[in-house]
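Work through these short exercises with the model in view. Try each task before reading its solution.

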Amino acid sequence: MKTLHLILLLLPFFGIAQTKDKPKELALPNNYIQSVDNLTLSASFEIVKRVNESAHSLNKKVAIAILDASGTIVLLTRDDGVGPHNADAAKRKAFTALSTKTPTLLLLRNAQANDDTKNLNTLPELLLLSGGSPIWYKGTIVGSIGVAGGGSPDNDDFLAKSATIQEFGITTSK
């Protein structure tokens, strides 16, 4: 019991000793660190829920990939019965939209119409198929979505563009 009282009595002194020798942090120049807005897992779950509702209203089942602003997968889902290749396609569509800051259907059409850019489809990381879209918040890309398996280019594009939480300003248009 005496030991416990002694420890409790000396505890404040240990705390002072630890803060006394704390090294001062160096101030970083303003251009060394950049804060980046990203979609959260909660926002990704909500987007996937809304896109799946839209897909089911079309009697479609799809794969959906959500990436954050750095291109890291936040969420990847594949509805029951959807081919496994669609998960990879959704991921690549989301990456293409994020990387180019352009919906993939628009990118595809622009690339086909321009001899200088029609070879974009030779880059292995890009997938020039409809169904990818950047996701914006206050004019900044915070992530992207890729949708695959919707049965047509128009369906995949429509579903990707439905990835919004409009009431909070999270949209697929700038």
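The exercises below go from the whole chain to one helix. The model is predicted.

**Exercise 1.** Find how many helices and strands the protein has, and read their order along the sequence.

*Solution.* Start with the count: there are 5 helices and 5 strands. Then follow the sequence. The pattern reads α-α-β-β-α-α-β-β-α-β.

**Exercise 2.** State what share of the protein's residues is buried.

*Solution.* Buried means under 20% relative accessible area. Of the 174 residues, 38% are buried.

**Exercise 3.** Check the span of helix H2, residues 41–57, against its number of residues.

*Solution.* Helix H2 has 17 residues. At 1.5 Å a residue, the helix should span 24 Å. Next, take the end C-alpha atoms: they are 24 Å apart, which agrees.

**Exercise 4.** List the buried residues of H2, then decide how they are arranged around its axis.

*Solution.* First, the list: Ala43, Ser44, Ile47, Val48, Val51, Asn52, Ser54 and Ala55 are buried. Now look down the axis of H2. These buried residues fall within an arc of 165 degrees, so they line one face of the helix. A general rule helps here: an α-helix has 3.6 residues a turn, so residues three or four places apart point the same way. Finally, turn to the other side of H2, where Ser42 and Ser57 are exposed.

**Exercise 5.** Name elements that cover the buried residues of H2.

*Solution.* Begin with the strands: the cover includes S1 (63–68), S2 (73–78), S3 (132–137), S4 (140–148) and S5 (170–171). Then add a helix, H5 (153–161), which is also part of the cover.

Notes. Residues are numbered from 1 along each chain as its sequence is written. This is a predicted model: local features need pLDDT of at least 70, side-chain atom pairs count only at pLDDT 80 or more; totals for chains, interfaces and linings use all residues. Side-chain values use heavy atoms; hydrogens and water are left out. Helices (H or I, at least four residues) and strands (E, at least two) are DSSP runs, numbered from the N terminus. The expected span of a helix is 1.5 Å times one less than its number of residues. Buried means under 20% relative accessible area, exposed over 50%, partly exposed in between (1.4 Å probe, protein chains only). The arc is that of the directions from the helix axis to the C-beta atoms. Contact means heavy atoms within 4.5 Å.
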